[in-house]
Amino acid sequence: MREECEKCVIRDLNSLNSVSAVELQAIAKKKSTLHIQKGEVIFSEGTSLRGVYCLRNGKCKLTKLAPNGKEQIVRFIRRGELVGHRSVISNSVAHLTVTALEEMDVCFIPKNEIIELFKNNSEFSMEITKSLAEDLDEANSSIANMAQKNVRERLAESLLFFERIFGVDNDGYISVTLTREEIANAIGTATESTIRLLSEFKKEGYISLAGKRIRIENKVKLQHLTEGY
């Protein structure tokens, strides 16, 4: 399925919103659309990327392999976001592994097309630069939270974050399904500790649990917890 890029509403959610109709027509001729299964790796850490991926729908986790061989979730991305642009622009290998959290569709834009846009479209290059700066700010904030907040506070903050960026389903549950191990990796603790803390949060009335699904019941209490009281 090849959709005309200039009619795509997804590009309004990322740096491609600054690209002209003529440039979009050129991209449409070179891009390809891929269907990704849940759990499928889009690209792995250390890979030389041949282009950039735009998420038409779905959600992904970005992970980095620690020296001890354990996977650390660095961040999550969702519908409309670009991934791989950092490595393409810097001409370096991928720094992270990107894995689909659910069945999804992505558009693949070849590297040459992105580089040409970056060289010739100053508005696009500015938008990409702003995106990279925001990613850096988010990484700095994550590092600070790991250092300054205890595990209980980090879990509370992550649950609020998940609901904010992924939204909720018709039953009020956070609209992303993560394993307890994935949540543990995201907050930098053991899976057993995450299971115990989720159980504590449920007993205290902060959340409801239904299998892997999580519903926030008391945002105010969780927010207070993230602030250390």
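## The big pocket

Helices here are DSSP runs of H or I with at least four residues, strands are E runs of at least two, and both are numbered from the N terminus. With those labels in hand, we can walk through this predicted model, starting with its largest pocket.

That pocket has a volume of about 1,100 Å³. Its lining takes in 40 residues, and the ones nearest the centre are Val74, Arg75, Glu138, Ala139 and Ser142. Plenty of elements chip in: β4, β5, β6, α2 (85-90), α4, α5, α6 (180-187) and α8 (219-226) each supply at least two lining residues. Helix α4 gives the largest share, with 10 residues. Sorted by class, the lining of the largest pocket comes out as 21 nonpolar, 11 polar and eight charged residues.

## Two open sheets

Now for the strands. One open sheet has four of them in the order β2-β7-β4-β5, and the pairing is antiparallel. Its edge strands are β2 (41-43) and β5 (71-78), each of which pairs on one side only. From one strand to the next, the twist averages 30°. If you want to trace the β2 end, look for the two bridges that join β2 to β7 (residues 97-100); Phe43 stands opposite Val98 in β7. Over by β4 (59-65) and β5, helix α5 (residues 151-166) lies across both strands and runs at about 30° to β5.

The other sheet to look at is also described as open, with four strands in the order β1-β8-β3-β6 and antiparallel pairing. Here the edges are β1 (32-36) and β6 (82-83), and each pairs on one side only. Strand β1 is joined to β8 (residues 104-110) by five bridges, with the two strands running antiparallel. To pick out a partner pair on screen, go to Thr33, whose bridge partner in β8 is Cys107.

## Helices that cross

How do α3 and α4 pack? Helix α3 (residues 111-120) meets helix α4 (residues 122-148) at an angle of about 105°, and their axes are 5 Å apart. The two helices are therefore roughly perpendicular to each other, since angles from 65 to 115 degrees count that way. On the α3 side the contact uses Ile114, Leu117, Phe118 and Asn120, while α4 brings Ser122, Phe124, Ser125, Ile128 and Thr129. That contact splits into five nonpolar, four polar and no charged residues.

Helices α6 and α7 (residues 191-203) cross too, at roughly 100°, and their axes come within 8 Å. That angle makes α6 roughly perpendicular to α7. Arg180, Glu181, Ile183, Ala184 and Ile187 of α6 touch Thr191, Thr194, Ile195 and Leu198 of α7. Charged residues do show up in this one: the contact of α6 with α7 has five nonpolar, two polar and two charged residues.

## Closed-off space inside

Rolling a probe the size of a water molecule over the atoms shows where empty space is left. In this model, that search turns up two cavities of 30 Å³ or more.

The second largest cavity has a volume of about 50 Å³. Which residues line the second largest cavity? They are Phe162, Ile174, Val176, Thr177, Leu178, Ile183, Lys212 and Ile214. By class, that makes six nonpolar, one polar and one charged. You may recognise Ile183 from the contact of α6 with α7; Ile183 also lines this cavity.

Conventions:
Residues numbered from 1 in each chain as written. Predicted model: local features only at pLDDT ≥ 70, side-chain atom pairs only at ≥ 80, totals over all residues. Heavy atoms only, no water. 1 Å grid on protein atoms, 1.4 Å probe; cavity = no way out; pocket = protein on both sides within 12 Å on 5 of 7 lines; lining within 4 Å. Points joined across faces, edges and corners; volume = space filled by probe spheres on them. Nonpolar A, V, L, I, M, F, W, Y, C, P; charged D, E, K, R; others polar. Axes fitted to C-alpha atoms, helices over the stretch in contact; angles between N-to-C directions. Parallel < 35°, antiparallel > 145°, perpendicular 65-115°, else oblique. Contact = heavy atoms within 4.5 Å. Pairing = 2+ DSSP bridges.
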